[in-house]
Amino acid sequence: MVPSPVDLLRENLPVEQESVVLSGDVKTGLVLVDVVNGFCTVGAGNLAPRQPNKQIQEMVKESERVARVFCEKNWPVFAFLDSHHPDVPEHPYPPHCIIGTDEAKLVPALEWLENEPNATLRPKDCIDGFLGSMEKDGSNVFVDWVKSNQIQVILVVGICTDICILDFVCSTMSARNRGLLAPLESVIVYSRACATFDIPVDVAKEDKDLTAHPQDLMHHVGLYIAKGRGAKVASEVSFGA
């Protein structure tokens, strides 16, 4: 039996994952990246799935689970919402998540976060949420959130593993290494609560306007690079007393 490209990738570029138990002993914050209709809800927009997608469905389910536990424990939550002005394109992507539309809103399973006092919602108009947190006066909403809550560990979930999540993780690790995010120590990417989109190779070959983006392969690539930048990757997340 010939191994699949994903199996070959996992064999040659393995990603060591761990089971993580979060407790109140270490101040931990949750960062949700772009769990909005425009990326997750079937038929919601140009970049939304065209049909139900198992990886995206599991990501939403796990993101909701951990978000509810964080809020029950009154732990800080930060949610990025991809949100674009209609006259400002984000190349190479088609128009998506336009300000004021349902595309730019949290998926139904997470709408309740809008009313949570310990949740900070941040619309962003670029791929990298760290850069998207910059204000005109030079301050950074995400950096302020980390410092004001004295967060030592962040757990990252959402979409897309190899794009918005990866860019955010890389910028966050660099900022931490430069001493800009004290007291932040660790970034954990929860793989089961992350997902990316799927454009199979055979589909891309039939449409010159598409670039192949096989879902499982690119999800793995995103995790591999994030770990290479210094993040931890978790396959399971549970909560201690």
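Which residues lie nearest the centre of the largest pocket? That was my starting point, and I kept in mind that this is a predicted model.

**Largest pocket.** I pulled up the lining and found 32 residues in it. Nearest the centre are Asn 46, Leu 47, Phe 197, Asp 198 and Ile 199. The space inside comes to about 880 Å³. I then sorted the lining of this pocket by class and got 19 nonpolar, 8 polar and 5 charged residues.

**Second largest pocket.** Next I looked at the runner-up, which holds about 160 Å³ of space. I wrote down its lining: Glu 18, Val 20, Val 21, Leu 22, Ser 23, Val 26, Thr 28, Val 153, Glu 185, Ser 186, Ile 188 and Lys 232. Strand 1 (18–22) and strand 6 (186–195) are the elements that each give two or more residues to this lining. Which strand gives the largest share of it? I found that strand 1 does, with 4 residues. By class, I have 6 nonpolar, 3 polar and 3 charged residues around the second largest pocket.

**Domain record.** I also checked UniProt, where the entry is unreviewed and carries the annotation "domain: Isochorismatase-like" over residues 29–198. I looked at that stretch in the model: residues 29–198 are 29% helix and 20% strand. The C-alpha atoms at its two ends sit 29 Å apart. Going back to the pocket list, I noted that Asp 198 is one of the residues nearest the centre of the largest pocket, and the annotated range ends at residue 198.

Notes:
Residues are numbered from 1 along each chain as its sequence is written. This is a predicted model: local features need pLDDT of at least 70, side-chain atom pairs count only at pLDDT 80 or more; totals for chains, interfaces and linings use all residues. Side-chain values use heavy atoms; hydrogens and water are left out. UniProt positions are given in the numbering used here, feature names are shortened, and annotations may be inferred rather than shown by experiment. On a 1 Å grid over the protein atoms alone, a cavity is a set of points where a 1.4 Å probe fits but cannot get out, and a pocket is an open set with protein on both sides within 12 Å along at least five of seven lines; lining residues have an atom within 4 Å of a point. Grid points are joined across faces, edges and corners, and a volume is the space filled by probe spheres set on the points. Ala, Val, Leu, Ile, Met, Phe, Trp, Tyr, Cys and Pro count as nonpolar, Asp, Glu, Lys and Arg as charged, and the others, Gly among them, as polar.
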